[in-house]
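Here's a quick briefing on the fold you're about to look at. Have a scroll through it first, then come back for the notes.

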Amino acid sequence: MKFMKLGSKPDSFQTDGTNVRYVVSELATDITVIVGDVKFYLHKFPLLSKSAHLQKLVTDHNDEIYIPDIPGGSVAFEICAKFCYGMTVTLNAYNVVAARCAAEYLGMHETMEKGNLAYKIDVFLSSSIFRSWKDSIIVLQTTKALMSLSEELKLVSNCIEAIAVKASSDVAKVDWSYTYNRKKLPEENGNDPNWNGIRNRSVPKDWWVEDLCELEIDLYKRVIASIKNKGIVPNNVIGEALKAYAYRYLPGFSKGVLQCGDLPKYQSAVATIVWLLPAEKGSVSSSFLSKLLKACIVIASGDETKEELIRRIGQQLEEASVNDLLLRAPEGEVMYDVNTVQKIVEVFLLQDHNSEIESVEEGSELQEPRGPGILSDATKLMVAKLIDGYLVEIAKDPNLPSVKFINLAEMVSGIARPSHDGLYRGIDMFLKEHPGISKSDRKRICKLIDCKKLSAEACIHAVQNERLPLRMVVQVLFFEQVRASTSSGSSTPELPKGVKDLTSGSHGSSRSGTTPEEEWDAVTMAEELKALKGELASLRLATGGGGGGGSEKAALSKMKGLLKSKKLFTKLWSSKGGYGENSGSDSTESLGSGNQEEGKSTPSRNRRHSVS
């Protein structure tokens, strides 16, 4: 922008190569203005006619004036002085804020002279700067150095409003040149052989996202808040903007490993991004939320920020991956922050619980739950499989306390899933890495596995697995025989008394003072264990064999062969001969060979026993 004044006036300031500025004129200078380390030799009349502040200073200090605190320093003062002399003044997005603040400081208002500098800059801002997307962002950035006065003059609020309006405008009205920070498209680089010179690609809804990443966090917060308040931009686009800003502003964030640096700066940035997250579920991905949570843990953000992220991740836990949940523990010997994941799972499960509670009308009695919650079976199944996979990973930590592993596994044990192979893998890995686990914990954790829901390959592995309690091995073998009988069309075999005692955790006799686990250990002699291992060794699959389908059939065939031999069960039942009131005959019979009449007349045989 240029201001011209007709007449024989100087068109520029001169310098002698030092910090001295003067005007070439027939009239001798009569006032010296010192701004910082620069001296201006000027004339009183053009300055005093437009600046109320200079009038006052001349009255108090005569011919030499010191202005150490003028906004924008000597550069901004020179712009104001040139305007007083009627010289050409060039304003742009980079110097207009300093010039406007300096004009305000010098009192260059309409009360001194009509069309004074402050007024003309305001016109320039509204007619040019605030109509340009790029210039609005640049001007907003320059207000940082003069924030207090810029706020007072409403330069900051006007910039934010201009940016928010443009970001919320119809993309059909947006010129592609607005996206000056975005990577060029192939046709813009001239690399697209099919481009005919006519731009026919539509402008994306998030065209403005990358441009705003240039702003400092406090200004960015105000801009995004203004855009959200207008309610025009979709929440998922707001989420993309926050993601882009986090990737730009937080080093290493995109890889999930925040690099140490300016800790207060990063804490403020993460807290601000979380505060700006749209309330709508799914507006940002679980992966992005997880990265924010990992950053919170690294930089030790406040509890409020962390709890908000836990709540949001829990509300869309079905979208998360195992890697999203692998949160490094902040300190100590444990690798992963399992406590935080437990809180996330609690949030997920509470969604269903809270939805089942019917609101109570005033004066009425408490009603029954409404029934099924808001979570679908498919959603629950996805979370159950997710936690199964997570258990596999945390089980590899030898320092993980068994209570944390068991508690987390039990949290999702009520979610029905067609296969327990994933849960079995996690439990087996935990038992492998924690050989010193107590018998009670081993029993508690293995009870979570439903042997009926193990695949053939998992069953083959389980019956060879020395880490599992023998009671579980018996369950696996029995249900494999049930499965084999069902597939062959024969009747389902009756559960023998010995197996009933094992699977129910209770022996017939009430006179024994030992626990079922201790009693089992007492009667399982060393030679019987050796024989059992010999039988199980025959089930091992040949390595380097054929495809998956063939190997599974082979596994089933070998399993059925072992079951039909009945030798393994004979050993197990015979070892139980001296225990229980009714163990004499039942404990020695093989599966499927019991007396059917006796089975019908015995009440205990008609009851369904829990094996999970």
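A word on helix length before anything else: the expected span of a helix is 1.5 Å times one less than its number of residues. Keep in mind that this is a predicted model. On that yardstick, α13, with 14 residues, reaches 20 Å from its first C-alpha to its last, close to the 20 Å expected.

**The chain as a whole**

- The protein chain holds 30 helices and five strands.
- Of its 612 residues, 45% are buried.
- About 31,100 Å² of the protein chain is exposed, and carbon and sulfur atoms supply 50% of that area.
- If you take the contacts between residues at least 6 apart in sequence, 68% of them join residues at least 24 apart.

**Helix α12**

- Helix α12 runs over residues 263–276, which gives it 14 residues.
- From first C-alpha to last, α12 reaches 20 Å, close to the 20 Å expected at 1.5 Å a residue.
- The buried residues in α12 include Tyr266, Ala269, Val270 and Thr272, and Ile273, Val274 and Leu276 are buried as well.
- What covers those buried α12 residues? The cover includes α10 (217–230), α11 (235–249), α13 and α14.

**Helix α13 and the loop after it**

- α13 is mostly covered, with twelve of its 14 residues buried.
- Among the buried residues of α13 are Phe288, Leu289, Leu292, Leu293, Ile297 and Ile299; the buried list also takes in Lys291 and Lys294.
- Right after α13 comes Ala300, with a positive phi near 55°, and Ala300 is not a glycine.
- Ala300 sits in the loop between α13 (286–299) and α14 (303–315).
- Is Ala300 buried or exposed? Its relative accessible area is 57%, so Ala300 counts as exposed.
- Ser301 belongs to the loop between α13 and α14 too, but Ser301 is buried because its relative accessible area is 14%, under the 20% cut-off.
- Ser301 touches Gln267, Val270 and Cys296, leaving aside residues up to four places away in sequence.
- The C-alpha atoms of Ser301 and Ser268 are separated by 8.5 Å, with their positions 33 residues apart along the chain.

**Pro330**

- You'll find Pro330 in the loop between α15 (322–325) and α16 (338–356).
- Pro330 has a relative accessible area of 60%, so it is classed as exposed.
- Not counting residues up to four places away in sequence, Pro330 touches Ile297 and Asp337.
- Ile297 is one of the buried residues of α13, and the C-alpha atoms of Pro330 and Ile297 are 6.3 Å apart although the two are 33 residues apart along the chain.

**Two more loop residues**

- Lys154 lies in the loop between α7 (147–152) and α8 (155–167).
- Its phi is positive, about 65°, although Lys154 is not a glycine.
- Why does Lys154 count as exposed? Because its relative accessibility is 54%, over the 50% cut-off.
- Met112 is in the loop between α4 (96–106) and α5 (117–127).
- At 24% relative accessible area, Met112 is partly exposed.
- Which residues does Met112 touch, not counting those up to four places away in sequence? They are Leu48, Ser49, Lys50, Ser51, Ala52, Gln55 and Gly107.
- One of those contacts spans a long stretch of sequence: Met112 and Lys50 are 62 residues apart in sequence and 5.5 Å apart in space, C-alpha to C-alpha.

**Cavities**

- Rolling a probe the size of a water molecule over the atoms shows where empty space is left.
- How many cavities of 30 Å³ or more are there? The count comes to four.
- The second largest cavity has a volume of about 50 Å³.
- Its lining is made up of Ala279, Glu280, Lys281, Gly282, Ser283, Val284, Leu289, Arg312, Gln315 and Gln316.
- By type, the lining of the second largest cavity divides into three nonpolar, four polar and three charged residues.
- Leu289 ties this cavity back to α13: Leu289 is part of the lining and also one of the buried residues of α13.

Note on methods: Residues numbered from 1 in each chain as written. Predicted model: local features only at pLDDT ≥ 70, side-chain atom pairs only at ≥ 80, totals over all residues. Heavy atoms only, no water. Helix = DSSP H or I, 4+ residues; strand = E, 2+ residues; numbered from the N terminus. Buried < 20%, exposed > 50% of the residue type's maximum accessible area, 1.4 Å probe, protein only. Contact = heavy atoms within 4.5 Å. Areas by Shrake-Rupley, 256 points an atom, 1.4 Å probe, with all protein chains shown as cover. 1 Å grid on protein atoms, 1.4 Å probe; cavity = no way out; pocket = protein on both sides within 12 Å on 5 of 7 lines; lining within 4 Å. Points joined across faces, edges and corners; volume = space filled by probe spheres on them. Nonpolar A, V, L, I, M, F, W, Y, C, P; charged D, E, K, R; others polar.
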